[in-house]
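Trainee: I am new to this structure. Please pick one part and take me through it closely.

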Amino acid sequence: MTLTVLAVDDSRTMRDMIRMALMPAGFTVHLAEDGIHGIEVLGGINPDDIDAIITDINMPRMDGFGFIDAVREQDDHRATPILVLTTESSQELKMRAREAGATGWIVKPFDPAKLVKALQMVAG
Amino acid sequence: MSEQNDPMAEIRASFFIECEELLEALQDGLQELDDGADDPETINVVFRAVHSIKGGAGAFGLEALVRFAHRYETVLDEVRAGRMTPDSDSMKLFFLAADHVSDLVRACRDEAPIPEATSDELLVRLDALLGDEVEEEEADAADFTPLGFSMSLDLPEIEPELNSFEIRFKPEQEIFATGNEPATLLRNLCGLGTATVRCNTSDLPDLEDLAPEAPYIEWIISLQTEAAEAEVRDIFEFVDGLCVLEITGTKSGDDGDVAPTESIETEVEVEQAIAAPTAIAPVSVPKKPQGTKPASDTEDSGADPESKKAAAPAAKSVVRVDLERIERLVNLVGELVINQAMLSQSLDEAGLSPHSDAMNGLEEFQRLTRDIQDSVMMIRAQPVKSLFQRMSRIVREASAAVEKEVRLVTEGEGTEVDKTVIERLADPLTHMIRNAVDHGLEISEKRLANGKSRAGTVTLMAAHRSGRVIIEVTDDGAGINRERVLEIAVSKGLVPPDVQLTDGEIDNLLFLPGFSTASQVSALSGRGVGMDVVKTSIQSLGGRISISSEAGKGTKFSISLPLTLAVLDGMVVNVAGETLVLPLNVVVETLSLGPDDVQMLRPGAYVVKVRGGFVPLYDLGVMLGYRAQRKTDAGAIVLLISLEDGSRAALIIDGIQDQRQVVIKGLDDSFYRAPGIAAATILGDGQIALILDPADIIAGLGNPRGADIMLSERKIANE
């Protein structure tokens, strides 16, 4: 199952990693550099075409929590699966992400196959 | 992942480039904090930089970097959370740690040995800042390796054995706010094996009482699967706490009637059962137009309260280009300029009317060529900031080595300079900074005794001035001890014992090859590299270095560099049958000598009267050794030039050909470096011409006394 995914991360390396993990699986990947950019990119895509969103937490301008909030505020994306990427595996962070409306989380560094699988799972 | 080897190598390379940027941001942020910034965004930037480096490092398995960055980040997080306020000692440690991260990044990149000992030492000190929280955090560090999210567990292949699970799953209301869909979960569950899904709808109210997002349904799933219980639980990882979940395992075979029976149970097909969530999704609202809105529009909804700098412009979009391609472009543009010059010349010689189409077209072509050239040169230009940042580290290390307190002040970090120049400036600047800290600044006690501040200041300044880049290294130390310098120079036989030198001339002795301060080798600057090496490297860039010093006040080294290494606006002149090029920016005006304009000060030293003032007069042909006898004065053409230090000089030439842009072709290292000759160029007619450096000519040759000092160079010139 191939999906269309928006990935938001301020680290170019991480964006590259995500792209490299997802493209071979046939995914379409949109990229954004921070929360505000993410909202802009999201606004340019037909909501029906977005299957899932991946976002980093620590980002300039608008962090992952703010971004998730802003996504969830859009009626079109109230149920769009959002996975947060985090190097912290602390329970507290996961719970904060969930409170903001995140669907799940992926702990960096991630295995590409697992990222694909995770996205297929939540967007299934 | 093996099939991704190549792209991974690319990402790895790009990671290290990104690291450089992050390290720069880290330095900047720390500096701002050190300067007293206390807005949350500054510490956030610092934190994020370390965090992102760690994240990338983790992806590439750079454990040493991860280990260090993680604990550094932990400490920074304390600052970020406001639980720690860094004092000046911790700031110093943060700087050291940043330097070390930078070392680790480079070691990882170059696959060099990892300085683990330094890591350990710094980590002990970082951990000390944390106090007793350290253990807790350590536990978290161990947790850093990827965990969870192992849908396809990498468990050893066990003989497929069918497990039976009875799963009771009742979502709670909050589940919908997270985008988790029970239907998807059920489908994933079914993917593990064969499942029978039953759905308990006893809580379902009448339609008019139904709240669209309230969960009324409970699912009971009987699953036959090869998967272990952990795998089944993994499916519900994200909804842990958002549902009632009971998983009971039964051995294969006895999947009997264990299901809790409460009221009506309906067996439904999964696909049917999942209709609800999408159906209750709100109607879509009209979309915003394609995301062309300025960032500020969306910022309101952004609501990142911490972000003071939210209004900062979005990151410029940047294309990364291989330097080789740019070099190629620069070379091509160089050829284009030469070609255009040749074309201009042939059209000129063809005697076309200046109003002809061809000539008009040519004019346009010239303008475009110049624009292209400027734009291409801009590609290579970079702010000196990164260079200056490296120097702040040099200052820290140098001041620690000699136990002096030093403050580095930088100015004009945004000044853009050719990339190659920046790269090749690093070594000379490092040396100059070390010198300033080691020899320039006094020890604190002495400073205090002289009524100065305890900490010495080294100022690093960059600016564009009259078409060149000026870089100055200034210290507020004791100034050059000229007596001592002269003594050393005499003892080394560089100048005769009875020589009478001005202060400036003594200062310049420092640049003489062989003026080594070996008797005062220190841990720092006495590494066998003298200022003559600095001077040579600056000259190889087409630059000049000068020195000025005031006793008790300090010393200033001034470097002047061409803006670009590639082109030059030049004046093409004839001297003794040779075609030479002078940089146009030094030429103030051209004069024709009258009979009474020239006066002799003493044999061999002349001045020319220019509007009431006197300017030293030199014959370029004599100075360059093209002719022995000075040209007769009357009617001779003279170029009045102005040098960066404000001094002026007049140069006798035989004729002016043209003013034009020339492409600088560096002289190969195999040529002896001739003083006064900066480079060469190819003219429109294909002829090769030397490009002169007038200031160098005058410093080295024109001043008879200077010539004495510049012994070695004089020798070359005479050969």
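Mentor: What follows is a close look at chain A, from its overall layout down to one helix and the loop before it.

A word on the source first. This is a predicted model, where local features need pLDDT of at least 70, side-chain atom pairs count only at pLDDT 80 or more, and totals for chains, interfaces and linings use all residues. Residues are numbered from 1 along each chain as its sequence is written, while chains are lettered from A and ligands numbered from 1 in the order in which they are written.

Start with the layout. Chain A has 5 helices and 5 strands (DSSP runs numbered from the N terminus: helices are H or I with at least four residues, strands are E with at least two). Follow the sequence and the pattern reads β-α-β-α-β-α-β-α-β-α. Chain A holds 124 residues, and 67% of them count as buried (20 or more other C-beta atoms within 10 Å of a residue's own, with C-beta placed from the backbone; 12 or fewer is exposed, in between is partly exposed). Now look at contacts in chain A (C-beta atoms within 7 Å). Take those between residues at least 6 apart in sequence: 62% of them join residues at least 24 apart.

Next, a pair of helices. Helix 3 of chain A covers residues 64-73, and helix 4 of chain A covers residues 91-100. Their axes come within 8 Å and cross at roughly 25 degrees (lines fitted to C-alpha atoms over the stretch in contact, with angles from 0 to 180 degrees between N-to-C directions). So helix 3 of chain A is roughly parallel to helix 4 of chain A (under 35 degrees; over 145 is roughly antiparallel, 65 to 115 roughly perpendicular, the rest oblique). The crossing of helix 3 of chain A past helix 4 of chain A is right-handed (the near helix is turned clockwise from the far one by less than a right angle; anticlockwise is left-handed).

Which residues meet there? Helix 3 of chain A brings A:Phe65, A:Ile68 and A:Asp69. Helix 4 of chain A brings A:Arg96, A:Ala97 and A:Ala100. By class, this contact of helix 3 with helix 4 of chain A has 4 nonpolar, no polar and 2 charged residues (Ala, Val, Leu, Ile, Met, Phe, Trp, Tyr, Cys and Pro are nonpolar; Asp, Glu, Lys and Arg charged; the others, Gly among them, polar).

Now move on to the loop between strand 5 and helix 5 of chain A, where A:Pro109 sits. The peptide bond joining A:Lys108 and A:Pro109 is cis, with omega about -5 degrees.

After that loop, look at helix 5 of chain A, residues 112-123. At 1.5 Å a residue, its 12 residues should span 16 Å (1.5 Å times one less than the number of residues). The end C-alpha atoms of helix 5 of chain A lie 17 Å apart, which agrees.

How much of helix 5 of chain A is buried? The count is 9 of 12 residues, so helix 5 of chain A is largely enclosed by the rest of the structure. Its buried residues include A:Lys114, A:Leu115, A:Val116 and A:Ala118. Also among them are A:Leu119, A:Gln120, A:Met121, A:Val122 and A:Ala123.

What covers the buried residues of helix 5 of chain A? From chain A, the cover includes strand 1 (4-8), helix 1 (12-22), strand 3 (52-56), strand 4 (82-86) and strand 5 (104-107). Helix 7 (182-190) of chain B is also part of that cover.

Notes. Two residues are in contact if their C-beta atoms, placed from the backbone, lie within 7 Å.
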